[in-house]
Amino acid sequence: MMSLNAIEKWTRRVGGLAMLAPLIAILIGIRRGLRRPRGRAIGRADAILQRRVYLLIGAPYFGCCILLWRPIRVTLPAPERVAALILGALLYFPGLALALWGRLALGEMYNVSSGFGVQMYADQRLITRGPYTYVRHPIYLGLLLAAWGGLLLYRTWTLVFLVVNAVTVLVVQ
């Protein structure tokens, strides 16, 4: 039988690989969205939602995530480690799946928006299928669940940062 350490290690590795699917899908969506014909812009979207702004904001954001990937120095007894592993996996993996499902359901309509404005496409359509049948913002919800689950699985400062960030996005929205 596998030890708890081995199960945690295996779960974390699988979780790292699983995280790549929604991340890659989102990055591909951003790249494709930057190339599509633009339609109406609301707010300051024309000035904010550009490739250089994505790089100016994204590079420090991901850099911060890399720098903060340090363990939180907390020692949990075995029963609490098992509970954190189970609850973390039950939040993390479905959260990633929901975020990916939401991104894929949007298809070519995927675009990034901000509190400063929204850039619509020339052929913009409202998506009401897939997870959008049940949830208004499945990508946000999925990433929030994954952040909480990841915090329980990985217990790193990066996940604290992501949880705080996700909660801030929800409060500001």
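1. Disulfides. This is a predicted model. A search of the whole structure turns up 0 disulfides. C64 is in none; the nearest cysteine sulfur, that of C65, lies 6.0 Å away. The cut-off for a disulfide is 2.5 Å between sulfur atoms, so a pair at 6.0 Å does not qualify. C65 is likewise in no disulfide, with the sulfur of C64 as the nearest cysteine sulfur.

2. Exposure of the two cysteines. C64 is partly exposed, at a relative accessible area of 26%. C65 has 11% relative accessibility and counts as buried. Buried means under 20%, so C65 falls inside that limit, while C64 at 26% does not.

3. Helix α3. This helix covers residues 51–67, 17 residues in total. From first C-alpha to last it reaches 24 Å, close to the 24 Å expected at 1.5 Å a residue. V53, Y54, G58 and C65 are buried in α3.

4. Packing of α3 on α6. The two axes come within 8 Å and cross at roughly 135°. α3 and α6 are therefore oblique to each other. An angle over 145 degrees would be needed to count as roughly antiparallel, so 135° stays in the oblique class. On the α3 side, the contact is made by Y61, C64 and C65. On the α6 side, the residues are T158, F161, L162 and N165. Both cysteines discussed above thus belong to this contact.

5. T158. This residue is found in helix α6. T158 is buried, with a relative accessible area of 3%. Leaving aside residues up to four places away in sequence, T158 touches C65, L68 and W69.

6. Largest nonpolar core. The core has 11 residues in all: L4, L85, Y92, L96, A146, A147, L151, L153, Y154, L159 and V163. Three helices each supply at least two of them: α4 (78–106), α5 (138–154) and α6 (157–172). α5 gives the most, with 5 residues. As a general point, nonpolar side chains in soluble globular proteins tend to be buried together.

7. Y92 within that core. Which residues does Y92 touch, not counting those up to four places away in sequence? The list is G15, G16, M19, L145, A146, G149, G150, L153 and Y154. Of these partners, A146, L153 and Y154 are also listed as members of the largest core.

8. Second core. A separate nonpolar core of 10 residues is also present. Its members include M109, Y110, Y121 and Y132.

Conventions: Residues are numbered from 1 along each chain as its sequence is written. This is a predicted model: local features need pLDDT of at least 70, side-chain atom pairs count only at pLDDT 80 or more; totals for chains, interfaces and linings use all residues. Side-chain values use heavy atoms; hydrogens and water are left out. A nonpolar core is a set of buried Ala, Val, Leu, Ile, Met, Phe, Trp, Tyr and Cys residues joined through side-chain atoms within 4.5 Å. Buried means under 20% relative accessible area, exposed over 50%, partly exposed in between (1.4 Å probe, protein chains only). Helices (H or I, at least four residues) and strands (E, at least two) are DSSP runs, numbered from the N terminus. Contact means heavy atoms within 4.5 Å. The expected span of a helix is 1.5 Å times one less than its number of residues. Axes are lines fitted to C-alpha atoms, for helices over the stretch in contact, and angles run from 0 to 180 degrees between N-to-C directions. Angles under 35 degrees count as roughly parallel, over 145 as roughly antiparallel, 65 to 115 as roughly perpendicular and the rest as oblique.
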